[in-house]
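Got the structure open in your viewer? Let's click through it one selection at a time.

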Amino acid sequence: MPLTASNSGKTLTIAIEGTLNATLQKEFKACYKDVTNQMEEFVLDFSKVEFADSSGLGLLLILHGTTRASPLKPKLKITNTKPNIAEILKISRFDHHFEIS
């Protein structure tokens, strides 16, 4: 399975595997849509992400927009990012919306 979600208190962690693209849209949204207003932090584990295309980056923007509407204004983190993916995220200015490590 390319996505796994785990909830630890007020933190939702979503681990993504393989390619981040539009084929994950429904599954990605399903991971967070019912708990968005209850979370203080969203962590996206990119340790197994090999590639992200523009539609995958769009999924991250949708998550950002959804969480900005939440009363808790949760922190957004992307962790365990490989150097090539981190560079794409920084060039695309995702570091303005997500803490990237």
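Start by selecting T81 and whatever it touches: beyond four places in sequence, those contacts are F46, A86, L89, I100 and S101. This is a predicted model, so keep that in mind as you go. T81 sits in the loop that links β4 (75–79) and α3 (83–91). Is T81 buried or exposed? With a relative accessibility of 13%, T81 counts as buried. Now show the polar atoms: one on the T81 side chain lies 2.9 Å from the backbone oxygen of S101.

**The sheet**

Switch to cartoon view and pick out the strands. There are 5 of them in an open sheet, ordered β1-β2-β3-β4-β5, and the pairing is mixed. Which strands stand at the edges? They are β1 and β5 (99–100); each has a single partner strand, so one side of each has no neighbour in the sheet.

Keep the sheet on screen and add α1, which packs on it and touches β1, β2 and β3. The direction of α1 makes about 170° with that of β2. Then add α3, which also packs on the sheet, this time touching β3, β4 and β5. Its direction makes about 115° with that of β3.

**Along β1, β2 and β3**

Zoom in on β1 (residues 3–8) and β2 (residues 11–20). The two run antiparallel and are joined by 6 bridges. To check the register, select T4, whose bridge partner in β2 is A15, and then S6, whose partner there is T13. The hairpin has 2 residues between the strands, and G9 takes a positive phi near 65° in it.

Next, go across to β3 (residues 41–52). How do β2 and β3 run? They are parallel, with 9 bridges between them. One pair to look for is L20 with its bridge partner A52 in β3. To get from β2 to β3, the chain passes through helix α1 (residues 25–32), and this β-α-β crossover is right-handed.

While you are on β3, select E50, which is found in that strand. Its C-alpha is 5.2 Å from that of G18, although the two are 32 residues apart along the chain. Outside its neighbours within four places, E50 is in contact with G18, K82, N84 and I85. Show side chains here: the one on E50 makes a polar contact of 2.8 Å with the side chain of K82.

**Aromatic rings**

Time to hide everything but the rings. How many aromatic pairs does a search of the whole structure find? The count is 3. Take Y32 and F42 to begin with: their ring centres are 6.5 Å apart and their planes are at 90°, so this pair is edge-to-face. Because Y32 lies in helix α1 and F42 in strand β3, the pair ties together parts that are 10 residues apart in sequence. Both Y32 and F42 are buried.

Now jump to F94 and F98, an aromatic pair that is tilted, with 6.1 Å centre to centre and 35° between the planes. Colour by accessibility and you can place both rings: F94 counts as buried at 5% relative accessibility, and F98 counts as buried at 3%. Going back to the earlier pair, add F28 to the selection, since F28, Y32 and F42 form one aromatic cluster.

**Two stops on α2**

Finish on helix α2 (residues 54–68), where L57 is found. L57 is buried, with a relative accessible area of 12%. Which residues does L57 contact once its neighbours within four places are left aside? They are I88, L89, S92 and F94. Put a distance label between the C-alpha atoms of L57 and I88: it should read 9.5 Å, for residues 31 apart in sequence.

The last selection is T67, also found in α2. T67 counts as buried, with 0% relative accessibility. Its side chain reaches the backbone oxygen of H64 at 3.0 Å. Expand the selection beyond four places in sequence and T67 touches T36, F42, K73, P74 and L76. F42 is a ring you have already visited, in the aromatic cluster with F28 and Y32.

Methods:
Residues numbered from 1 in each chain as written. Predicted model: local features only at pLDDT ≥ 70, side-chain atom pairs only at ≥ 80, totals over all residues. Heavy atoms only, no water. Pairing = 2+ DSSP bridges. Helix = DSSP H or I, 4+ residues; strand = E, 2+ residues; numbered from the N terminus. Right-handed = clockwise from strand over helix to strand, strands pointing away. Phe/Tyr/Trp six-rings, centres within 6.5 Å; stacked < 30°, edge-to-face > 60°. Buried < 20%, exposed > 50% of the residue type's maximum accessible area, 1.4 Å probe, protein only. Polar contact = N/O pair within 3.5 Å; in protein donor to acceptor, adjacent residues only side chain to side chain. Contact = heavy atoms within 4.5 Å. Axes fitted to C-alpha atoms, helices over the stretch in contact; angles between N-to-C directions.
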